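Me: I am new to this structure and would like a close look at a single part of it, the aromatic rings and what surrounds them. Please take me through that part slowly, and then place it within the whole.

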Amino acid sequence: MSEFFAMGGHGVYVWSAYGLSLAALIGLGIWPLASLRAIVRRARARGRAGLQAEQPAPESE
């Protein structure tokens, strides 16, 4: 088993390449989701600000 992971002395390079590739793929999967959440959050905040601006002020006597 250790021979498999060592890969004839090239294991460090091979496994680090696999690790960096996996990290990049995970990052590319998470990045759009985080961007979408930020866009939705901003849209909701703008919607709330717009609704508050449209409401008439309470009448004072």
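**The aromatic rings and their surroundings**

Reply: In this predicted model, the count of aromatic pairs comes to 4. One of these pairs joins Phe 4 and Phe 5, whose ring centres are 5.3 Å apart and whose planes stand at 70°; since angles over 60 degrees are classed as edge-to-face, the pair is edge-to-face. Phe 4 has a relative accessibility of 49%, and because exposed means over 50%, Phe 4 counts as partly exposed. Phe 5, with a relative accessible area of 43%, is likewise described as partly exposed.

Another of the pairs brings together Trp 15 and Tyr 18, with ring centres 5.4 Å apart and planes at 50°, so this pair is called tilted. The reasoning rests on the cut-offs for the angle, because planes under 30 degrees apart would count as stacked and planes over 60 as edge-to-face, while the rest are tilted. Both Trp 15 and Tyr 18 belong to helix H2, where they are separated by 3 residues, about one turn of the helix. Trp 15 is partly exposed, at a relative accessible area of 33%, whereas Tyr 18 reaches 51% and therefore counts as exposed, because the cut-off for that word is over 50%.

Taken together, Phe 4, Phe 5, Trp 15 and Tyr 18 are linked by ring pairs into a cluster. These four names also appear in a nonpolar patch on the surface, which Met 1 joins as well, and the accessible area of the patch is about 620 Å² together. At least two residues of the nonpolar patch come from H1, and at least two come from H2.

Between the two helices lies a loop, and Met 7 has its place there, after helix H1 (2–6) and before helix H2 (11–54). Although Met 7 is not a glycine, its phi is positive, at about 50°. Met 7 is also partly exposed, since its relative accessible area is 27%, a value that falls between the limits of under 20% for buried and over 50% for exposed.

To place this part within the whole, the protein has 2 helices and 0 strands. Of its 61 residues, 3% count as buried. The protein exposes about 5900 Å², and carbon and sulfur atoms supply 66% of that area.

A further surface feature concerns charge and not rings: Arg 37, Arg 41, Arg 42 and Arg 46 gather on the surface in a patch of positive charge. Among them, Arg 46 has its place in helix H2, the helix that also holds Trp 15. With a relative accessible area of 66%, Arg 46 is exposed.

Definitions and conventions
Residues numbered from 1 in each chain as written. Predicted model: local features only at pLDDT ≥ 70, side-chain atom pairs only at ≥ 80, totals over all residues. Heavy atoms only, no water. Helix = DSSP H or I, 4+ residues; strand = E, 2+ residues; numbered from the N terminus. Buried < 20%, exposed > 50% of the residue type's maximum accessible area, 1.4 Å probe, protein only. Patch = residues over 30% accessible without salt bridge, like charges linked within 9 Å, V, L, I, M, F, W, Y side chains within 5 Å. Areas by Shrake-Rupley, 256 points an atom, 1.4 Å probe, with all protein chains shown as cover. Salt bridge = Lys/Arg side-chain N within 4 Å of Asp/Glu carboxyl O. Phe/Tyr/Trp six-rings, centres within 6.5 Å; stacked < 30°, edge-to-face > 60°. Lys, Arg positive; Asp, Glu negative; His and termini not counted. Charge placed at Lys NZ, Arg CZ, Asp CG, Glu CD.
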